[in-house]
Structure formats: structure tokens, C-alpha cells
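Visitor: I'd like to go through the ligand site and the empty spaces in this model. Can you take me through the reasoning behind each label?

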Amino acid sequence: MSTATDPASSGSAALGGGRPSSAPGTERRRLGVRLLTPEGAVFDGVAYMVVAPSVQGEVGILPRHTPFIAFLRMGETRIKLLDDTEQVFATTEGYLSVEEDRVLVLVEQAERAEDIDFERARAALERAEADLAAAGDDEVKRVAAESARRRAENRLAVVSRR
Ligand code: ATP
């Protein structure tokens, strides 16, 4: 897919025609970014890049990106701000759309990395593994335990990369 690439593997931050830093005297182009869950906005602001885990691999969105839609898997979503800091979120499945320098990320759950309670996630992982072992042939219990395990593993992975 030419409109989205894995910036980690390509080493390129110039996707979509944007650029990571402003030339002297020029204003850096911006993206309007909203990260929404059914409970409300987790992030609503401006940024210069969004990196999100699409089902086809990580995508990096910069200003001037062509209209684009991607389904997201559970993982880590990063919003790179104009001051070169970034906000990192553990995100569940959902989708991302891009249109006219506006990025919408819509997911079931999103937690800011610094808000994740590591011990809670570790305990949830232990519980999920015990539930999985006890589920036997019960498909409903097995699916619920696997889902809880994936959420906990994702939270732990996001925190441990900080
Ligand atoms: P737990 O058993 O600890 O509640 P869970 O995976 O069952 O974990 P969820 O049902 O996925 O929890 O989430 C319930 C709410 O709690 C959501 O708003 C989610 O963002 C938040 N949440 C869950 N785990 C954590 C955590 N470790 N740190 C911060 N927020 C969390």
C-alpha cells in the first residue's frame, strides 16, 4: 500500500508528503487528530504524525496524506506532537481514517501509557491465564479469557516499552 508504510522499517518519516521538522521560517503543517472510544475523546488536538497498528502493519500518517482508511489491530498508537514529544496509547481494535489532514482513530478502548496500572494488568494477565486453563471445552469462557489475556499483554507491552 503506497499511502501507508511502516516508518520503523523504512526509516522514512516523509510519508504522505509531510516532513518531521519545519524549515526555517515556515510553519510545520499539522494534522487534526481525534482518538475516540465509546466513552469519549482520549485525545483531541493537533499533531504532525500518527503511527498506528493497522492489520496490515504499522502505518505512519503525516500531513497531506491521501484519503485513507485502515482497520486497526490491538497494539500501540503514537501521536507525535508539534513540540516533538509524543503521546503513546494502548489501543484495542478499531479503525483509522484520514481526510484532509484530519485523522480519526476510533477504538473500543484506549489508555494513555502513563495511565496504565502495571500491577493491575499483571494481575489481569494471571487471572486470564488461570481462566483459560479452567475453561476446558467452554468456548465462551475460552474466548473471554483469551480476549482478557490479549488486553493485559498489550497494556504490559506498552508500559514496558516506556
Ligand atoms: P481488569 O480485570 O483489570 O479490569 P480488563 O482487561 O478486564 O482488566 P477492561 O474491561 O478491558 O479491563 O477495561 C475496563 C476499564 O478499565 C477500561 O476503561 C480500561 O481502559 C480500564 N483499564 C483496564 N485495565 C487497566 C489498566 N491496567 N490500567 C489502566 N486502565 C485499565
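Guide: Sure. Keep in mind that this is a predicted model. Start with Gln109, where a side-chain N or O atom lies 2.9 Å from an oxygen atom of the ligand.

Visitor: What makes that a polar contact with Gln109?

Guide: The cut-off for a pair of N or O atoms is 3.5 Å. The pair at Gln109 is 2.9 Å apart, so it counts as a polar contact. Glu111 passes too, because its side chain places an N or O atom 2.4 Å from a ligand oxygen. With Asp117 the partner is a polar backbone atom, 2.9 Å from a nitrogen atom of the ligand. As for cover, the ligand taken alone exposes 590 Å², and the protein buries 69% of that.

Visitor: Which residues make up the shell around the ligand?

Guide: They are Gln109, Glu111, Asp115, Ile116, Asp117, Arg120, Ala121, Ala124, Arg127, Arg151 and Arg155. Each has a heavy atom within 4 Å of the ligand, which means it counts as near. Helix 2 (118-135) and helix 3 (139-160) each supply at least two of the shell residues, and helix 2 gives the most, with four.

Visitor: How do you know how many of the shell residues are charged?

Guide: Asp, Glu, Lys and Arg count as charged. Sorted by that rule, the shell has seven charged residues, three nonpolar and one polar.

Visitor: Why is the ligand said to sit in the largest pocket?

Guide: The test is that more than half of a molecule's atoms lie within 2 Å of the pocket's grid points. The ligand takes up the space of the largest pocket, so it meets that test. That pocket holds about 240 Å³, and helix 2 and helix 3 are the elements that give two or more residues to its lining. The lining divides into five nonpolar, no polar and seven charged residues, with Ala148 and Ala152 among them.

Visitor: What makes the other space a cavity, while this one is a pocket?

Guide: In a cavity a 1.4 Å probe fits but cannot get out, whereas a pocket is open. By this rule there is one cavity of 30 Å³ or more, with a volume of about 50 Å³.

Visitor: Which residues line the largest cavity?

Guide: Met74, Ala90, Thr91, Thr92, Gln109, Glu111, Arg151, Asn154 and Arg155. Strand 7 (86-91) and helix 3 each give two or more, and the largest share, three residues, comes from helix 3. By type, the lining has two nonpolar, four polar and three charged residues.

Key: Residues are numbered from 1 along each chain as its sequence is written. This is a predicted model: local features need pLDDT of at least 70, side-chain atom pairs count only at pLDDT 80 or more; totals for chains, interfaces and linings use all residues. Side-chain values use heavy atoms; hydrogens and water are left out. A polar contact is a pair of N or O atoms within 3.5 Å; within protein, one must be able to donate a hydrogen and the other to accept it, and residues adjacent in sequence count only if both atoms are side-chain atoms. Accessible areas come from the Shrake-Rupley method with a 1.4 Å probe; for residues, only the protein chains shown count as cover. On a 1 Å grid over the protein atoms alone, a cavity is a set of points where a 1.4 Å probe fits but cannot get out, and a pocket is an open set with protein on both sides within 12 Å along at least five of seven lines; lining residues have an atom within 4 Å of a point. Grid points are joined across faces, edges and corners, and a volume is the space filled by probe spheres set on the points.
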